[in-house]
Amino acid sequence: MNWSPIRWCLCGLLAVTVAYGGSPAGIAETGETELPTANPGQVPGLPHLPPVTPVPPNSPGVQDFQNLPPLLAPVLPEENPLATPTTPAEVEIKTDQALSLPQALALAAQTNRNLQAARAQIDAARAGLRQAQAALFPTLDFQSNFQRTESAQSEISARLAPPGAAVNEGASLTWDGVLRLNYNIYTGGQRGARIQQAQEQLRQAILNAVQVAQELQLNVSNAYYDLQDADAQVTIGQSAVRNAEVSLRDAQAQLRAGVGTQFAVLQAQVQLANAQQQLVNAQRNRAVAQRNLVQILSLGNQVTVTAADPIETAGQWTIPLEESIILGWQQRPELMVQLSQRRFQQAQRELALAGIRPNLSLFARTDYLRFYESPTGLDKGGFGQGYVFGLQLSFTLFDGGAAFAGARQAEANIAVADINYANARNQVRFQVEQALSDLRANETNIKTAALALEQANESLRLARLRFQAGVGTQTDVINQENALTQAQGNLVNAVLGYNRALAALQRAVGNPPFHFGRQPAPPSP
């Protein structure tokens with residue numbers, strides 16, 4: 001077999017690739033976006049969030065993810081997301097797991113289905129980038145046939161031929177093969193634009209995963225605070241029931257002693273019934289909050305959770321408002337998505353214009369033919385080989401204006417991305433300002449509510465002593481019981497409102513997800 005034509009074609013392809021950058025992966029076409037030279041699947045310029053600076057270890061709310069106690073195995077969900085229970089026993093609650101907020105966040109990072117889907121989308125986008133980068137390399141294909149042929153026309157001609165005439169009668173057995181090599185030297189910008197779009201799709205998939213993780217952290221924190229709130233309301237409701245029972249006993253004792261009235265007893269009974277109803281509603285709300293947290297964490301079907309952390313402030317925010325706004329603009333993935341979408345549309349414009357640009361490709365083909373049997377005696381020749389190679393230039397002279405229309409469409413989409421970026425930037429500022437305002441307001445409310453709780457406890461004690469001494473009324477006691485219940489609820493709402501505002505502020509500035517209890521360093525001037 002003579003391989004010289006194939007070697008010549010391969011050498012020519014190598015010379016062309018060296019002239020354009022040393023390797024197919026290094027080719028950069030005029031008018032195209034710069035192509036990556038790194039490993040396939042890697043995107044240059046992916047967003048790297050700034051490092052975070054931990055607050056001092058003794059600061060309130062700071063937790064260490066590295067020293068978490070082991071989680072129970074039944075807490076984790078089924079490995080197969082398609083596994084659906086079919087019997088009541090499979091959904092019966094059998095595990096009551098107490099979780100701290102860091103444990104809940106650590107579980108969410110492992111088990112949340114939305115986050116798992118976002119990771120799968122990154123894998124799909126990375127595969128799409130590798131598929132687009134395949135256009136940087138030549139294609140080589142081979143086709144072969146092995147066939148036995150017997151022509152009906154030859155058989156009829158042999159029958160009709162006069163005696164002694166030479167005829168081609170019989171079957172032929174042949175093998176043929178074709179080896180083709182093709183490489184697009186210049187595609188008018190199409191190849192580079194497609195790779196750029198695949199890069200931006202991967203970048204957007206990563207940014208989307210960051211958004212999902214940050215939003216998940218906020219949702220888990222809020223759900224955990226809701227559960228703490230529900231637990232506190234149950235505790236407050238139980239305290240209100242106990243206070244109402246004490247008041248009822250005092251009223252009944254005074255009635256038996258002849259110094260009380262039936263009206264005071266009825267008032268105490270109504271107060272107790274109202275407190276019991278509020279307790280039942282609080283218990284219902286706690287059950288709902290438990291199931292909501294389990295649903296967000298995507299835990300097993302036989303698990304419920306309780307809050308293990310006490311209700312206290314989760315930390316402090318020391319970065320000024322102006323620096324917090326700048327930090328949000330620097331770190332929020334929503335802004336980076338709009339910039340990536342802008343680059344995607346720029347590549348789309350290049351892709352549209354590539355339709356009216358010239359295309360240059362290198363091709364080489366060699367074919368083989370082998371006769372094993374032939375009625376004409378060609379099998380005596382044995383083996384044959386041919387080849388062809390060259391360059392092909394194509395150019396669309398007129399496409400009806402489709403290329404320029406596509407380019408104008410991409411330019412309009414670029415303008416849309418610019419507007420969306422400005423809207424997102426304004427939204428980020430509003431979210432930072434709102435969260436910081438809520439944080440400062442609740443910080444003040446905590447001090448006020450704590451003082452009011454002390455005063456409500458003392459007022460109830462004095463009202464009860466006055467009633468027992470016969471110089472006060474049952475109404476005074478009931479009013480102070482209600483005031484104490486309200487003061488307890490106000491303090492819980494202020495502390496949890498502060499924690500929710502802190503979580504919202506961390507989300508607003510684009511903190512790296514699952515870094516609870518930490519805050520970023522101020523931006524460099």
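This dialogue reads selected features of a predicted model.

User: How many helices and strands does the protein chain have, and what share of its residues is buried?

Analyst: The chain has 10 helices and eight strands. Of its 525 residues, 40% are buried. Among contacts with a separation of 6 or more, 85% join residues 24 or more positions apart.

User: How should the packing of two helices be described, and what angle do α2 and α3 make?

Analyst: Two packed helices are described by the angle between their axes and the distance between those axes. Here, helix α2 (residues 101-111) and helix α3 (residues 113-133) pack at about 45 degrees, with their axes 6 Å apart. That angle makes α2 oblique to α3, because it falls outside the ranges for roughly parallel, roughly antiparallel and roughly perpendicular.

User: Which residues of α2 and α3 meet?

Analyst: From α2 come Ala108, Ala109, Gln110 and Thr111, which meet Arg113, Leu115, Gln116 and Arg119 of α3. By character, the residues of this contact divide into three nonpolar, three polar and two charged.

User: Is Leu105 buried or exposed, and in which helix does Leu105 lie?

Analyst: A general point on helices comes beforehand: an α-helix has 3.6 residues a turn, so residues three or four places apart point the same way. In this model, Leu105 lies in helix α2. Leu105 counts as buried because its relative accessibility is 0%, and the cut-off for buried is under 20%. The C-alpha atoms of Leu105 and Tyr224 are 9.7 Å apart in space, although the two residues are 119 apart in sequence.

User: What span does helix α6 reach, and what span is expected?

Analyst: The expected span follows from 1.5 Å times one less than the number of residues. Helix α6 covers residues 262-297, which is 36 residues, and reaches 53 Å from its first C-alpha to its last, close to the expected 52 Å. Just after α6, Ser298 takes a positive phi of about 55 degrees.

User: How is an aromatic pair classified, and which residues form the one in this structure?

Analyst: The angle between the ring planes decides the class, and planes under 30 degrees apart count as stacked. The structure holds one aromatic pair. Tyr387 and Phe389 form this pair, with ring centres 6.0 Å apart and 10 degrees between the planes, and the pair is therefore stacked.

User: What is the relative accessibility of Tyr387 and of Phe389?

Analyst: Tyr387 has 49% relative accessibility and so counts as partly exposed. Phe389 is likewise partly exposed, with a relative accessible area of 33%. Both values fall between the cut-offs of 20% for buried and 50% for exposed.

Technical notes. Residues numbered from 1 in each chain as written. Predicted model: local features only at pLDDT ≥ 70, side-chain atom pairs only at ≥ 80, totals over all residues. Heavy atoms only, no water. Phe/Tyr/Trp six-rings, centres within 6.5 Å; stacked < 30°, edge-to-face > 60°. Buried < 20%, exposed > 50% of the residue type's maximum accessible area, 1.4 Å probe, protein only. Helix = DSSP H or I, 4+ residues; strand = E, 2+ residues; numbered from the N terminus. Axes fitted to C-alpha atoms, helices over the stretch in contact; angles between N-to-C directions. Parallel < 35°, antiparallel > 145°, perpendicular 65-115°, else oblique. Contact = heavy atoms within 4.5 Å. Nonpolar A, V, L, I, M, F, W, Y, C, P; charged D, E, K, R; others polar.
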